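Open your viewer, get a selection prompt ready, and follow along stop by stop. Each stop names what to select and then says what is there.

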Amino acid sequence: AVHRAGTVPLPETLSFEEGASIPNVFLTAWYALVKLAHIQAGETVLVQAAGSGVGMAAIQIAKHFDCKVITTAGSDDKVAKARQFGADLAINYTTDDFVPAVMGFTDGRGANVCQECVGGEVLTKSIDAMAPLSRLVVVGNASQSPDAPDLLRRLGNKNCMFCRFSMPSAFRAGGVMDELAMIMELCGQGKLKTLVDRSFPLKEVAACHRYLEDRQQFGKLVLVP
């Protein structure tokens with residue numbers, strides 16, 4: 001049981017599994033791109049890790065605001081799926097360097113906004129792929145790598161705005177449920193689409209974790225009680 005203040009209506013067009021897959025990833029991407037980076041129509045947005053739930057959500061949110069989207073993924077299959085979700089350019093980072101690809105797509109200017117969640121070398125290279133006066137929002141550090149010692153210098157060289165987003169802090173600050181209700185409505189209308197890669201019964205939680213650790217998924221995994 002939960003307090004009603006912590007719930008939003010589930011649109012009739014969505015299953016419970018789809019509804020469960022929406023809040024964390026879509027709120028993270030929405031806050032990162034809309035509330036913090038203030039994306040504008042016509043800008044180029046670089047989204048790292050298209051296969052993640054947050055990446056999948058960010059591609060669609062950026063397109064919803066009429067931005068151009070460049071994204072990265074670790075396989076040709078995930079690259080193809082990223083294009084299906086609206087990415088204008090999707091790069092397989094295991095075979096291609098995304099920095100020159102971004103620069104080529106933007107005629108040498110770089111991306112206006114970057115949502116980053118990998119950390120380490122990917123974070124460093126993301127800055128190299130950004131335009132002067134751009135905005136970088138970090139929403140995670142999947143690699144668990146320490147920040148490069150010259151991170152601030154790299155950001156300063158391009159006069160980039162830098163922010164780390166924390167979902168728990170956003171919940172404590174309040175206002176999240178209004179944003180979630182809006183996102184849920186957009187998903188119910190089909191303007192944003194969630195993707196449940198696979199559902200696992202709760203008793204198979206270990207198999208779900210292995211699937212996630214093997215980086216096989218595109219979108220969200222859901223545990224069903």
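**First stop: a lysine in a helix**

Select Lys78, which lies in helix α4 (residues 76–84); helices here are DSSP runs of H or I with at least four residues, strands are runs of E with at least two, and both are numbered from the N terminus. A word on the source: this is a predicted model, in which local features need pLDDT of at least 70 and side-chain atom pairs count only at pLDDT 80 or more, while totals for chains, interfaces and linings use all residues. Residues are numbered from 1 along each chain as its sequence is written, and side-chain values use heavy atoms, with hydrogens and water left out.

Does Lys78 count as buried or exposed? Lys78 is buried, where buried means under 20% relative accessible area, exposed means over 50%, and partly exposed is in between (1.4 Å probe, protein chains only). Lys78 nevertheless has no salt bridge, a term that requires a side-chain nitrogen of Lys or Arg within 4 Å of a carboxyl oxygen of Asp or Glu. The nearest side chain of opposite charge is Asp77, 7.7 Å away; Lys and Arg count as positive, Asp and Glu as negative, and His and the chain ends are not counted.

Now show the backbone of Arg215: its oxygen lies 2.8 Å from a polar atom of the Lys78 side chain. To see the wider surroundings, add Gly51, Ala73, Arg215, Gln216, Gln217 and Phe218, which Lys78 touches when residues up to four places away in sequence are not counted. Contact here means heavy atoms within 4.5 Å.

**Second stop: charged pairs**

Side chains of opposite charge can pair when their charged atoms come close. How many salt bridges does the rule give? The count comes to 10.

Start with Glu179 and Lys35, whose closest N and O atoms are 3.2 Å apart in a salt bridge. Glu179 sits in helix α9 (residues 176–188) and Lys35 in helix α2 (residues 23–36), so this pair ties together parts that are 144 residues apart in sequence. Colour the two by accessibility: Glu179 is buried, with a relative accessible area of 11%, whereas Lys35 is partly exposed at 37%.

Next, select Asp128 and Arg154, which meet in a salt bridge at 2.8 Å, N to O. This pair links distant parts of the chain, with Asp128 in helix α6 (residues 120–128) and Arg154 in helix α7, 26 residues apart. Asp128 is partly exposed, with a relative accessible area of 31%, and Arg154 is partly exposed too, at 23% relative accessibility.

Keep Arg154 selected and add Asp150: the two form a salt bridge with closest N and O atoms 3.3 Å apart. Asp150 is partly exposed, with a relative accessible area of 22%. Add Arg153 as well, and you have one network in which salt bridges that share partners join Asp128, Asp150, Arg153 and Arg154.

**Third stop: the strands**

Move to strand β1 (residues 44–47), which is covered on both faces. Thr44 and Leu46 are buried on one side, and Val45 and Val47 are buried on the other.

Which strands pair with β1? One is β2 (residues 68–73), which runs parallel to β1 and is joined to it by four bridges; two strands pair if DSSP finds at least two bridges between them. Pick Thr44 and you will find its bridge partner in β2, Lys68. From β1 the chain crosses through helix α3 (residues 53–64) to β2, and this β-α-β crossover is right-handed: with the strands pointing away from the viewer, the path from the first strand over the helix to the second runs clockwise.

The other is β4 (residues 111–116), also parallel to β1 and joined to it by three bridges. Here Leu46 stands opposite Cys114.

Now find β7 (residues 196–201) and β8 (residues 220–224), a parallel pair joined by five bridges. Pro201 stands opposite Val224 in β8. Helix α10 (residues 205–213) carries the chain from β7 to β8 in another β-α-β crossover, and this crossover is right-handed.

**Last stop: a serine and a proline**

Select Ser134 in strand β5. Ser134 is buried, with a relative accessible area of 1%. Leaving aside neighbours within four places in sequence, Ser134 is in contact with Ala111, Asn112, Asn159, Cys160 and Met161.

Finish at Pro146, in the loop between β5 (130–138) and α7 (151–157). Pro146 is exposed, with a relative accessible area of 69%.

Technical notes
Polar contact = N/O pair within 3.5 Å; in protein donor to acceptor, adjacent residues only side chain to side chain.
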